[in-house]
Amino acid sequence: MEQKAEEEVSNAFPPSFSSSDLKQLLHSLPSNALNHFFSLGVCVRCILRLFGIKGPIYASIDNGSVENPVDSTASNETKLCNVCLGILQFRFYDDREKRMFQKDAAYDVALLIADMVRQEGYQFDSFSLEVSIPPLILQKEASLWSYIQTKYGSEPWFQEKIHTGCVSIKDALKFSLINPLEKLLDCKSSWCPFRIRLTYTHTKASEGVAKCSDNGGSCKRRKTDESDSTGERPLSSSVENGSFDCSKLFPKSENEPCHFTYNCFRTPFYFGGRYLKYSRNVSQTCWIIDDERMGEASVEEIIGIKVLQACRGDNYKFHAAGREDIDVRMLGPGRPFILEVQNTRLVPTEQFANNIEKMINEEENKLVRVKNLKLVGSDGWNLMREGEGEKQKQYAALVWTSRPLKDEDFQQVSSLKDLKVVQRTPIRVLHRRSPLEREKIIHWMKMETVAGSSQYFLLHLCTQAGTYIKEFVHGDLGRTHPRYDKNLRLMQCLMAKMSGTHTNLLVTALF
């Protein structure tokens, strides 16, 4: 819906309207309704949108020269509009400047916004305009529209307009600002990643939210047949019998300008690839315990900071397909990851991604390397989860035994297929994981001798994803059963190092 409205507003800007065009347009409207709207304290832009009028006329209105062509004494542009509370009159309290502003033309507001965009230093070739207005104004608009339906519902002009409806305040503001913004920024408006956001808030709306919170979040009124909770009769019956007091539509206590903030941002870019970790002292993400850093660095920081600086972004989020322990290397084809970079000032390209990959891989410390770094979209999440979705993982572990190995040990291990093991949450992670039992499968194993040693060997194994390999080897004080050394009938079996060899993992753990 937002994209459709953006395109409609952007495409509705032919050449500018003159003041005479505005007068001619106002003359064409029903004089009784026009005078009545002016008497209710409705601004000219709100009157136009209530009649369903769209187009460049909104950008061409000068607040200082607007008059009611039927009755010049009824013009309200010097007063705050009772419906939009100054939004379409460009009267607001600027939260950036901490002072009240009153602009006569849309161009003046567009100039403020364009200056802010230039100062931020974004690279862009189009922009999308977003508008947020307080619920209080939507309530006023709904009340006025209900009043108009009741009062003018039977008149021909209303019957014609009821099929198209009125223009929303958001769209009317876009009609006012998009054309001058396109000229000032020298680019077109369209639905794109670069957004300019205009946010209007109101103190009365904030008070209403606070009141709802104080009442336990309930602001509902009880329904009655003939009157509301204050004993007043419904709006429709009051209007029909002529007893309705129009001042109740717009209480004076709410007649103050909105607060206005404006900023620009870009939706996130996503970089996808695979990382390899060569150090046993590097965690996957930043790991701090009691204000003390664990390890010398993290994969997240090594990759994320480089990309963030190159893109001139505000922040980044690192997402990986699974994780390895800090003392475990990641070799082989690498682990899939996605880096979400927020609010970048530059627009990255594929060549840009290649340059970042080269920059990371040429670091002197060689702790982490990146492969196949590229820009990805929403489909990148599916690619990242390839590793998580794999049912089998392959590892290689350097293991020490308490007795020399025999030929039958190698044969016995190779004969084991789809061995079921039950693992309770390991002691080493029990402080941060739920104490559960997990059933896993060891699909196959084979042993490889280590030259010059009869008690060290390489254990290659393929397991179900999520298997705790270290605990399978040494038993974790009986929390994993059956344990590996029991199958070998060994006195003791300890893991010295662990490495994975396929399906995105190669792990090496110092124990």
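Trainee: Which residue lies over the face of tryptophan 191?

Mentor: In this predicted model, arginine 195 does, at 4.6 Å from the ring centre. Another charge is placed over a ring too: the charged end of lysine 151 sits over tyrosine 152, 5.9 Å from the ring's centre.

Trainee: Thanks! And what describes a pair of aromatic rings?

Mentor: Two values do the job: the distance of the centres and the angle of the planes. There are 13 aromatic pairs here. One of them joins tyrosine 58 and phenylalanine 175; this pair is stacked, with 5.6 Å from centre to centre and 15° between the planes. The partners come from distant parts of the chain, 117 residues apart, with tyrosine 58 in helix H5 and phenylalanine 175 in helix H9.

Trainee: Are these two rings' residues buried or exposed?

Mentor: Tyrosine 58 counts as buried because its relative accessible area is 0%. Phenylalanine 175 is buried as well, at 1%. Elsewhere, ring pairs tie Phe92, Phe101, Tyr200, Phe260 and Tyr262 into a cluster.

Trainee: Where do nonpolar side chains tend to be in soluble globular proteins?

Mentor: They tend to be buried together. In this model, the largest nonpolar core has 73 residues, and those with the most contacts inside it include Phe37, Ile113 and Leu177. Helix H9, residues 169-185, contributes the most to this core, giving nine residues. Beyond its close sequence neighbours, leucine 177 touches Phe90, Ala106, Val109, Ala110, Ile113, Leu129 and Leu198. A second, separate core has 25 residues, among them Tyr275, Ile302, Phe318 and Val368.

Trainee: Which residues are buried in helix H3?

Mentor: Ala33, Leu34, His36, Phe37 and Phe38 are. After H3 comes glycine 41, which has a positive phi, near 80°.

Definitions and conventions. Residues numbered from 1 in each chain as written. Predicted model: local features only at pLDDT ≥ 70, side-chain atom pairs only at ≥ 80, totals over all residues. Heavy atoms only, no water. Core = buried A, V, L, I, M, F, W, Y, C linked by side-chain atoms within 4.5 Å. Buried < 20%, exposed > 50% of the residue type's maximum accessible area, 1.4 Å probe, protein only. Helix = DSSP H or I, 4+ residues; strand = E, 2+ residues; numbered from the N terminus. Contact = heavy atoms within 4.5 Å. Phe/Tyr/Trp six-rings, centres within 6.5 Å; stacked < 30°, edge-to-face > 60°. Lys NZ or Arg CZ within 6 Å of the ring centre and 35° of its normal. Lists of a residue's contacts leave out its neighbours within four places in sequence.
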